[in-house]
Amino acid sequence: MSATNQTTAAVEVSPVGQATPVPAEAAFTGPRRRSGAWLTQLLGNRKAAFGGLILLAFAAVAIFAPALAPYDPTEFVGRPHRPPSSEFRLGTTGSGQDMLSQLIYGTRISLGAGVIVGVATTVIGALVGLAAGYFRGRVDDFLSLLTNVMLIIPGLPLLVVLAAFLPAGFWTTVMVLIVAGWAWPARVLRSQTLSLREKDFVSSALVSGEGSWRIMLREILPNMMSIVAAGMFGAIIYAIGAQAALEFLGLGNPSAISWGTILYWAGNNAGLLVGAWWTFVPAGLCIALVAFAFALVNYAIDEITNPRLRSQRETNLALRRHRRQLGVSRATPVLRSAGQHRAAGD
Amino acid sequence: MATPSSRLRESEHNYPAEPLLRVRDLHVHYLTPRGPVRAVDGVSFDISRGEVLGLAGESGCGKSTVAQALLRILQPPAVITGGEVHFGDRDILEMSDDELARFRWKDVSMVFQSAMNALNPVITVGEQIEDVIIAHGAMGKLEARQRAADLLDIVGIERNRLDAYPHQLSGGMRQRAVIAIALALNPPLMIMDEPTTALDVVVQKEIMSQIDELKRQLGFSILFITHDLSLLVEISTRIAIMYAGQIVELASARDIFERPLHPYTQGLMSSFPSLTGQTEALTGIPGAPPNLLQPPSGCRFHPRCQHCKPIFTKIVPPLVEVERDHWVACHLYTDVGVRA
Amino acid sequence: MNFILRRLGFYLVAAWASLTLNFFLPRFMPGDPATALFARMQGRIQAEQIQTMREAYGVSDDPLWQQYGAYLVNIFRGDFGVSISYFPTAVFDVVRSGFVWTIVLVGVSLVLSVLIGNILGVMGAWKRNGFVDSVLPPLLMFVGSFPFFFLASVALFFLSFEWGWFPLRHAYTDGLAPAWSWEFIRSVLYHLVLPAATSIVVAIGGWMLGMRNTMISTLAEDYVTMAEAKGLSQRRVMFNYAARNALLPNLTAFGMALGFVISGNLLVEIVFAYPGLGYQLLTAVNNLDYPLMQGLFLMITFAVLAANLVVDLLYVRLDPRVRAG
């Protein structure tokens, strides 16, 4: 990774921890339908590539789990709390299952739930945000109120109450996470829609008599795809973390195998207090790694689509050569050498 | 490059005293990955005591960059890459942070373009005057408050608005408040960077006559920066015209208005309606200012100039004194041009 | 004033929404709510507990709106029902005892993480390319990717269990009676270090980045340039001009992030067996104590709303522009 900042220009963090980069509006001054350019650039970005590689690896693990796992993850194959060895690469759980196999199979549920929730919350959020920002007035008042109420209610207690009253299971968790998670994308996309609504291409579409939903989906949405994508990755991070939290609390399906339930059983079987670090460290690392990978991709998106961040990066790049002379003073630097350099090169 | 500065030095005796500010061959670059943008490229001028020097040019010609470079408040990627800026016997470009902190505002203050943006929205106007007085150790808290009230008085704001926040003032009042802050330490030189651009015409007139009045009373010098030449008619002693990071013409206000020599200045003159009431055709200047990442070779104005000859695209015209106190950087007045 | 009234109205709507959700959730469960709940709690609760539950979840013949009205009145009087796991203690009293500890933990970790994070953010933006700005953001973002409870577990394992530097559980040494004595306070602080530190470490990156980013745009404002031109001290420019303004948008974000921070702290409490609301939430989940769960949900929501109101008041104090509008 380069020496430049890996940070977003305007990160907002939602109540449930979804961090979404919010590019400055100036990103959208270009002509319409140039919206795909950022995707091509994304492929060439090192951070995005690194994050994408991690994610591809996890996806492959999820898909080929049966081929990769040395044991049946539910089978009791050894004595409980065995440390890592050549037989059990990551040791055994508190009840004697193979940790590595559990981790591999757990990828399926954890990633699966994350992606489903991420996509669903983004779709709902986009529809709500588009409608609120496009129709404005009463529609916006109502949808914004709904969104803000959902946002201010603290996430975890809400998730707990929702999950507790429903039969435990994969789809319950997914549904509950969607109910609690759609508001953040809605808020972000609403404000984007509001500003795109003022652009010329929307006005001309309006004048030419296109229908409202057509304008929203064909004119406005494609122009904020980078934010939609960033929002979705943020939502996936949220979903994986929140799902793990719910399962850790015992509100998941304890017999399903996921990273969250691994942590739940590690806690329940006091894996921690008998020194069996291998029962909880790998699963936590996996969660963190996936979250970090998505976050990296998000930084990259922001770096590409946010003009302020891009110019800052370019400044740093141009100044790197003179870094030592610049010092820490905030007065305009006097770099006579930089001028002479150019003069010689002219 | 050395020509204009050495020639300028010769003419110093034309002014009653040692100039207050002496800028020589100032270079400011914006460093970008694609190379430096030469925003200010070898600018030289003097400002004497009590003088008003107008600095005019299209937006993007580097005039504001000059202003901010003088106080060294430009932030990277802008860096000063050469030249000297003497205030009295000190070179601003050689000052340490502490020296700069003492120099700023005490010796040279500045009126920013948009008062709305130049005032801190969360601090009262009074406090924004007081803090600069206190920071420079001029007075204690109580005295500073007294002085702040007096300053508001001077610029025509009621004293009791001391505790008003910027958003509670009208546009014109805000600009007056900014002027009051600039006056706080009674500096010998004030830089005014488009001080009236954001205002409507009536308020603009009021502010301009206020500035004129204050100058008469307090006798400070002004570097007045604007894209609107008509503002300079009454107030300025001399006018410098900037194009693409360089001064292309420098003369008394009267000469600039009556006998502009540089084709660019002539173009600027015809870009606004004559104040004397004569109706002239507004011709303007065709084309757009050049990209300073790769400025045109030779005379920078050549792509837009109707008098351009092939040789002008190769040789840089020096700023020379073609008439008494009338400086022009144009081949039409050099040997190169004569031969062509 | 208008601003505060508008916000107050919004919080009332939010409070009403959570109350209503709370009321209808058990009643709209798939199938017959009471039966389903009792089936799940089979063998775990006694007859009188079942009776309380029946009343709480409206297995009565009154029309729904009458039950709803009675429910709102009860809540208004502080009657959140009776806890199953702490039977027959009222939910309100159970929650009240945990509240203190959560306030202590959330208060300390929030104040410290916000303070440190914001100061780091201010410094990072101020000194371009300095250590703070080039090393910390990616590092803190990586740390921030870990789930709260996971980092807490790791800290507990190494710092308490393996190396014995910190206590393993609870908020103060067993057998010590709560009192305003030095011994007790020291014990409380000692038990607080690890839970607070983990939640600070996870949260700090978000605060820092938020502040840094708004600082960078604030530093480009004319009023900061003018403050520098005025020759003011670096401290004054940095804090009174730049940070003071950069703080405002972050304050709004702060109110919103509060719910997230509290959620994270609840999980940290569970790991450290810290006797706050989070630990009670776990107890409630484990014992299928629905009234307690719902009471916790409501109380935490109300606390977040109240905290947001405080933030709004602070905002009004810091931004003269909203005072007028």
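In the predicted model, 73% of the contacts in chain A between residues at least 6 apart in sequence join residues at least 24 apart. Chain A contains 16 helices and two strands, and 56% of its 346 residues count as buried.

Several individual positions illustrate the interior of chain A. A:Leu296 belongs to helix H13, which spans residues 281–305 of chain A. With a relative accessibility of 0%, A:Leu296 falls under the 20% limit and therefore counts as buried. The C-alpha atom of A:Leu296 lies 8.9 Å from that of A:Ala49, although 247 residues separate the two along the chain. A second position, A:Ala230, is found in helix H11 (residues 225–249) of chain A. A:Ala230 is likewise buried, at a relative accessible area of 2%. Its C-alpha atom is 8.9 Å from that of A:Ala295, and 65 residues of sequence lie between these two positions. A polar residue, A:Ser144, is placed in helix H5 (residues 137–152) of chain A. A:Ser144 is classed as buried because its relative accessibility, 14%, is under 20%. The side chain of A:Ser144 makes a polar contact of 3.0 Å with the side chain of A:Arg190.

Over all chains, 27 salt bridges were found in the whole structure. One of them joins A:Arg136 to A:Glu198, with 2.7 Å between the closest N and O atoms. This pair brings together distant parts of the chain, 62 residues apart: A:Arg136 is in the loop between helix H4 (99–135) and H5 of chain A, and A:Glu198 is in the loop between helix H8 (183–196) and helix H9 (200–207) of chain A. The two partners fall into separate accessibility classes: A:Arg136 is partly exposed, at 31% relative accessibility, whereas A:Glu198 is exposed, at 52%. A salt bridge within a single helix occurs in chain B, where the side chains of B:Glu258 and B:Arg254 meet at 3.7 Å, N to O. Both residues lie in helix H10 (residues 253–258) of chain B, at a spacing of four residues, or about one turn of the helix. B:Glu258 and B:Arg254 are both exposed.

The interface of chain B and chain C involves 26 residues from chain B and 22 residues from chain C. About 2,200 Å² of area is buried between these chains, and carbon and sulfur atoms give 60% of this area. Three salt bridges cross the interface, and 10 residue pairs are in polar contact. On the side of chain B that touches chain C, helix H4 (115–118), helix H5 (125–135) and helix H7 (171–183) of chain B each supply at least two residues. The most is given by H5(B), with five residues. This side of chain B is made up of 16 nonpolar, seven polar and three charged residues.

C:Arg236 takes part in two of the salt bridges described for this interface. In one, C:Arg236 pairs with B:Glu127, the closest N and O atoms being 3.0 Å apart. In the other, C:Arg236 pairs with B:Asp131 at 3.1 Å. The latter pair runs from helix H5 of chain B to helix H10 of chain C. B:Asp131 is buried, with a relative accessible area of 6%, while C:Arg236 is partly exposed, at 21% relative accessibility. B:Glu127, B:Asp131, C:Lys230 and C:Arg236 are linked in a network of salt bridges.

The interface of chain C and chain A draws 66 residues from chain C and 60 residues from chain A. The buried area here is about 5,400 Å², with 75% given by carbon and sulfur atoms. One salt bridge is counted between these chains: C:Glu228 pairs with A:Arg330, with 3.0 Å between the closest N and O atoms. Four residue pairs are in polar contact across this interface. Among the helices of chain C that each supply at least two residues to the side touching chain A are helix H1 (2–27), helix H8 (182–219) and helix H12 (290–318). By class, this side of chain C comprises 45 nonpolar, 15 polar and six charged residues.

The largest nonpolar core of the structure has 280 residues, of which B:Leu21, B:Phe45, B:Ile129 and C:Met215 touch the most other members. Helix H10 (residues 234–271) of chain C contributes the most to this core, with 19 residues. Another core of nine residues lies apart from it, and its members include C:Leu105, C:Ala171, C:Leu192 and C:Ala196.

Definitions and conventions
Residues are numbered from 1 along each chain as its sequence is written. Chains are lettered from A and ligands numbered from 1 in the order in which they are written. This is a predicted model: local features need pLDDT of at least 70, side-chain atom pairs count only at pLDDT 80 or more; totals for chains, interfaces and linings use all residues. Side-chain values use heavy atoms; hydrogens and water are left out. A nonpolar core is a set of buried Ala, Val, Leu, Ile, Met, Phe, Trp, Tyr and Cys residues joined through side-chain atoms within 4.5 Å. Buried means under 20% relative accessible area, exposed over 50%, partly exposed in between (1.4 Å probe, protein chains only). Contact means heavy atoms within 4.5 Å. Buried area is the accessible area (1.4 Å probe) that two parts lose on being put together, summed over both. A salt bridge is a side-chain nitrogen of Lys or Arg within 4 Å of a carboxyl oxygen of Asp or Glu. A polar contact is a pair of N or O atoms within 3.5 Å; within protein, one must be able to donate a hydrogen and the other to accept it, and residues adjacent in sequence count only if both atoms are side-chain atoms. Ala, Val, Leu, Ile, Met, Phe, Trp, Tyr, Cys and Pro count as nonpolar, Asp, Glu, Lys and Arg as charged, and the others, Gly among them, as polar.
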